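Student: I'm new to this one, and the whole thing at once is a bit much. Please pick one part and go through it slowly, with its surroundings.

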Amino acid sequence: MTVVGSVIISDSVSLKSRGLYQGFANLLFDLGSAVGAPLGGWIGDTISWRAAFLFQMPLLSCGLTLLFLKVREPPLVLNAAHTTLLAKLKRIDYAGAVSLVAALLTFLVGMNYKTTAEHEWGDPHVWGYLVVAAVLLLGFLAVEFKFAVEPIMAVTILKQVCLLSASIETFQSSYNHCREPRSSWLSCVVPPPLYRLIPTRTVA
């Protein structure tokens, strides 16, 4: 649902206002994560567990109504509706899609050997898959920069400092959140290279 919401915002809102709308979406998501569990537990204990789901129906109905009335398909989708199926299939970046999926798959397999199977970095199963993933990633970038007519990853993102910095920060925040829960909120207050210098308290 988070991905679908981000896609709808990206297609419906201008780049200038996208941060504001995405901020509202993140605010509501965090509010639901914080309030949902205790509120649902209280409703389940006082009324019934079915009521915890039934109370969501008015909000869902309101959201669907606003979605139907306000969200419009972007011009790119409207223009594509008048083209033939063959023309639509030709626009797909097959080489980019295959190389990207292959790069991610081999990277995950290599990291799985390192983390789950607890192999050493020098094990061929680890570094072999990681090397293949790096080669496939370079191939993906070459396809996107040189050959793809409509690339999966817009090359302009890498050429704009603001968008590139935001993408790197999003990736770093996601990584830090998985590795250390406190980093997800601390990185919003202190720049990432600095909060790593903050000493942590250890409990004996």
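Tutor: One bit of vocabulary before we zoom in: a residue is buried under 20% relative accessible area, exposed over 50%, and partly exposed in between (1.4 Å probe, protein chains only). Keep in mind that this is a predicted model, where local features need pLDDT of at least 70 and side-chain atom pairs need 80 or more, while totals for chains, interfaces and linings use all residues. Numbering starts from 1 along each chain as its sequence is written, and side-chain values use heavy atoms, leaving out hydrogens and water.

A quick step back, just to get our bearings. The protein has 12 helices and 0 strands (DSSP runs numbered from the N terminus: helices are H or I, at least four residues; strands are E, at least two). So reading along the sequence, you meet α-α-α-α-α-α-α-α-α-α-α-α. Of its 204 residues, 13% count as buried.

The part I'd pick is helix α8, residues 124-147. Its 24 residues reach 32 Å from the first C-alpha to the last, close to the 34 Å expected at 1.5 Å a residue (that expected span is 1.5 Å times one less than the number of residues). Right at the start of α8, a side-chain oxygen of Asp-123 comes to within 2.8 Å of the backbone nitrogen of His-125.

Which residues of α8 are buried? They are Val-126, Gly-128, Ala-133, Phe-140, Val-143 and Glu-144. A handy rule for reading such a list: an α-helix has 3.6 residues a turn, so residues three or four places apart point the same way. The buried residues of α8 pack against two other helices, α7 (94-115) and α9 (155-159).

Let's look across at α7, then. Thr-106 sits in that helix, and Thr-106 counts as buried because its relative accessibility is 13%. If you ignore neighbours within four places in sequence, Thr-106 is in contact (heavy atoms within 4.5 Å) with Tyr-129, Val-132, Ala-133 and Leu-136. Ala-133, remember, is one of the buried residues of α8. The side chain of Thr-106 also reaches the backbone oxygen of Ala-102, at 2.8 Å.

Leu-104 is in α7 too, but Leu-104 is partly exposed, since its relative accessibility is 48%. Measure from C-alpha to C-alpha and you'll find Leu-104 and Leu-137 8.2 Å apart in space, though 33 residues separate them in sequence. For the protein overall, of the contacts with a separation of 6 or more, 33% come from residues 24 or more positions apart.

Now follow the chain past the end of α8, into the loop between α8 and α9, where Glu-150 lies. Side chains of opposite charge can pair when their charged atoms come close. Here, Glu-150 forms a salt bridge with Arg-91, with the closest N and O atoms 3.0 Å apart (the rule asks for a side-chain nitrogen of Lys or Arg within 4 Å of a carboxyl oxygen of Asp or Glu). Arg-91 lies in the loop between α6 (85-90) and α7, so the pair ties together parts that are 59 residues apart in sequence. By that rule, the count comes to 1 salt bridge. Both partners are partly exposed: Glu-150 because its relative accessible area is 38%, and Arg-91 because its relative accessibility is 29%.

Conventions. A polar contact is a pair of N or O atoms within 3.5 Å; within protein, one must be able to donate a hydrogen and the other to accept it, and residues adjacent in sequence count only if both atoms are side-chain atoms.
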